[in-house]
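Here are my notes on the structure you sent, set out as numbered points. Please read them with the model open beside you.

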Amino acid sequence: MERGNDYLAQWAKKVFARWFDSTADKDIVECYGEVMNWVNRQHQFYDKAKRDFASCSSSSRFSFR
C-alpha cells in the first residue's frame, strides 16, 4: 500500500485505512504464519507462486484484518 500511488492505493489510504493493521502486531504475524504454512502444504500451487505470494504479502507494511 505504501509503494503504490494509484487510485486504489489512494482510496485505501483515505477510506479503508482503519481496516489495516501493522504487521508488527503479534496476532497478525501469527495469522500470517498460519496462512503461509497452509500455502506451503498445498500441492496445487507452483513453488514460484508460493514464493511470489510470500514476497508480496510480507513486503507490505500493512495487512488486512
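1. The first thing to keep in mind is that this is a predicted model. Every value in the points below was computed from it.

2. Start with the overall layout. The chain contains three helices and two strands, and from the N terminus on these elements follow the order α-β-α-α-β. Of the contacts in the chain with a separation of 6 or more, 57% are accounted for by residues 24 or more positions apart.

3. Next, the surface. The chain has 65 residues, and buried residues make up 14% of them. About 5,500 Å² is exposed by the chain, and carbon and sulfur atoms supply 57% of that area.

4. One part of the surface deserves a closer look. Tyr-7, Leu-8, Trp-11 and Val-15 make a nonpolar surface patch of about 480 Å². Leu-8, a member of this patch, is located in helix H1, which covers residues 7-14. Is Leu-8 buried or exposed? Leu-8 counts as exposed because its relative accessibility is 58%, and the cut-off for that label is over 50%.

5. Now the aromatic rings. Across the whole structure, a search finds four aromatic pairs. One of them joins Phe-16 and Trp-19: the ring centres are 6.4 Å apart and the planes meet at 35°, an arrangement classed as tilted. Both residues are partly exposed, Phe-16 at 23% relative accessibility and Trp-19 at 39%. Ring pairs also link Trp-11, Phe-16, Trp-19 and Phe-20 into a cluster. Trp-11 therefore appears twice in these notes, in the nonpolar patch and in the ring cluster, with the patch rule taking nonpolar side chains within 5 Å and the ring rule taking centres within 6.5 Å.

6. The charged side chains come next. Side chains of opposite charge can pair when their charged atoms come close. How many salt bridges does the count come to? The count comes to two.

7. One salt bridge is between Glu-30 and Lys-26, whose closest N and O atoms are 3.4 Å apart. Glu-30 and Lys-26 are separated by about one helical turn, because they are four residues apart in helix H2, residues 26-41. Lys-26 is exposed, with a relative accessible area of 62%, whereas Glu-30 counts as partly exposed at 44%.

8. Another salt bridge joins Lys-48 to Asp-52, with the closest N and O atoms 2.9 Å apart. Lys-48 and Asp-52 both lie in helix H3 and are four residues apart, about one turn of the helix. Asp-52 has a relative accessible area of 41% and is therefore partly exposed.

9. Lys-50 needs a separate point. Lys-50 belongs to helix H3, which spans residues 47-59. Which side chain of opposite charge is nearest to Lys-50? That side chain is Asp-47, 4.0 Å away, yet Lys-50 has no salt bridge, although it is buried. Leaving aside neighbours within four places in sequence, Lys-50 is in contact with Met-36, Val-39, Asn-40, Gln-42 and Phe-45. I would ask you to look at this residue in the model and find each of these contacts.

10. A last point concerns Ala-49, which is also placed in helix H3. Ala-49 is partly exposed, because its relative accessible area is 38%. From C-alpha to C-alpha, Ala-49 and Val-39 are 9.7 Å apart in space, and they are 10 residues apart in sequence. Val-39 was named above among the contacts of Lys-50.

Conventions: Residues are numbered from 1 along each chain as its sequence is written. This is a predicted model: local features need pLDDT of at least 70, side-chain atom pairs count only at pLDDT 80 or more; totals for chains, interfaces and linings use all residues. Side-chain values use heavy atoms; hydrogens and water are left out. Patches are made of residues with over 30% relative accessible area and no salt bridge: like charges are joined within 9 Å, nonpolar side chains (Val, Leu, Ile, Met, Phe, Trp, Tyr) within 5 Å. Accessible areas come from the Shrake-Rupley method with a 1.4 Å probe; for residues, only the protein chains shown count as cover. Buried means under 20% relative accessible area, exposed over 50%, partly exposed in between (1.4 Å probe, protein chains only). Contact means heavy atoms within 4.5 Å. Rings of Phe, Tyr and Trp (its six-membered ring) pair if their centres lie within 6.5 Å; planes under 30 degrees apart count as stacked, over 60 as edge-to-face and the rest as tilted. Lys and Arg count as positive and Asp and Glu as negative; His and the chain ends are not counted.
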